[in-house]
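Biologist: Could you walk me through this model, starting with the helical part and then moving on to the sheet?

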Amino acid sequence: MDAQTFHGVFEVVYKYLKIVKLAYIRDNYDDARHCLCPLGLSDYTITKDRDLIVVFNLSKKK
């Protein structure tokens with residue numbers, strides 16, 4: 001997934017669903033690898049330095 005698509009999805013999760021804690025929206029996610037599930041209900045994002053910067057799960061499945 002490209003960084004621009006990820007940014008849009010995460011922005012919706014962050015701003016409108018009010019479930020994200022201790023997070024902020026970065027201006028640019030080009031330096032990261034995004035693993036968004038096909039339905040957009042869960043994601044984890046890792047930088048090139050192997051820092052985990054985003055994790056969310058909106059699915060009822062664990």
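Biologist: Where does Ala3 lie?

Modeller: Ala3 lies in helix H1, and please keep in mind throughout that this is a predicted model.

Biologist: Is Ala3 buried or exposed, and why?

Modeller: Ala3 counts as buried because its relative accessible area is 12%, which falls under the 20% cut-off for that class.

Biologist: And how far is Ala3 from Asn28 in space?

Modeller: Their C-alpha atoms are 7.4 Å apart, although Ala3 and Asn28 are separated by 25 residues in sequence.

Biologist: What about Gln4, buried or exposed?

Modeller: Gln4, which also lies in helix H1, is exposed because its relative accessibility is 69%, and the cut-off for that class is over 50%. The C-alpha atom of Gln4 is 8.1 Å from that of Asp30, with the two positions 26 residues apart along the chain.

Biologist: Which residues make up the largest nonpolar core?

Modeller: That core has eight residues, namely Ala3, Phe6, Phe10, Val13, Tyr29, Leu36, Val54 and Phe56. Two elements, helix H1 (3-16) and S3, each give two or more residues to this core, and the largest share, four residues, comes from H1.

Biologist: Why would one expect nonpolar side chains to be buried together?

Modeller: As a general tendency, nonpolar side chains in soluble globular proteins tend to be buried together. For the protein as a whole, 26% of the 62 residues count as buried.

Biologist: Let me step back for a moment. In what order do the elements run from the N terminus?

Modeller: The order is α-β-β-β from the N terminus on, with the secondary structure coming to one helix and three strands.

Biologist: What is the strand order in the sheet?

Modeller: The three strands form an open sheet in the order S1-S2-S3, and the pairing is antiparallel. Strand S1 (32-34) and strand S3 (52-57) are the edge strands, each of them pairing on one side only. On average, neighbouring strands of this sheet are turned by 10 degrees against each other, with direction ignored.

Biologist: How many bridges link S1 and S2?

Modeller: S1 pairs with strand S2 (residues 42-47) over three bridges in the antiparallel sense. Among the bridge partners, Arg33 is matched with Ile46 in S2, while His34 is matched with Thr45 in S2.

Biologist: And how many between S2 and S3?

Modeller: S2 and S3 are joined by five bridges, again in the antiparallel sense. Following the two S2 residues just mentioned across to S3, the bridge partner of Thr45 is Val54 and that of Ile46 is Leu52. Val54 is also one of the residues of the largest nonpolar core.

Biologist: Which residues are on the covered face of S2?

Modeller: The covered face of S2 carries Asp43, Thr45 and Thr47, whereas Ser42, Tyr44 and Ile46 are on the uncovered face.

Biologist: What sits between S2 and S3, then?

Modeller: The two strands form a hairpin with four residues between them, and Arg50 has its place in that loop. The phi of Arg50 is near 70 degrees, a positive value in a residue other than glycine.

Biologist: Is Arg50 buried or exposed?

Modeller: Arg50 counts as exposed because its relative accessible area is 75%.

Biologist: Last topic, the surface. Which residues form the nonpolar patch there?

Modeller: Tyr44, Leu52 and Val55 form a nonpolar patch on the surface, and together they have about 300 Å² of accessible area. Of these, Tyr44 belongs to the uncovered face of S2, and Leu52 is the bridge partner of Ile46 in S3.

Biologist: What about Val55, where does this residue lie?

Modeller: Val55 lies in strand S3, and this residue counts as exposed because its relative accessibility is 57%.

How values were computed
Residues numbered from 1 in each chain as written. Predicted model: local features only at pLDDT ≥ 70, side-chain atom pairs only at ≥ 80, totals over all residues. Heavy atoms only, no water. Pairing = 2+ DSSP bridges. Axes fitted to C-alpha atoms, helices over the stretch in contact; angles between N-to-C directions. Core = buried A, V, L, I, M, F, W, Y, C linked by side-chain atoms within 4.5 Å. Buried < 20%, exposed > 50% of the residue type's maximum accessible area, 1.4 Å probe, protein only. Patch = residues over 30% accessible without salt bridge, like charges linked within 9 Å, V, L, I, M, F, W, Y side chains within 5 Å. Areas by Shrake-Rupley, 256 points an atom, 1.4 Å probe, with all protein chains shown as cover. Salt bridge = Lys/Arg side-chain N within 4 Å of Asp/Glu carboxyl O.
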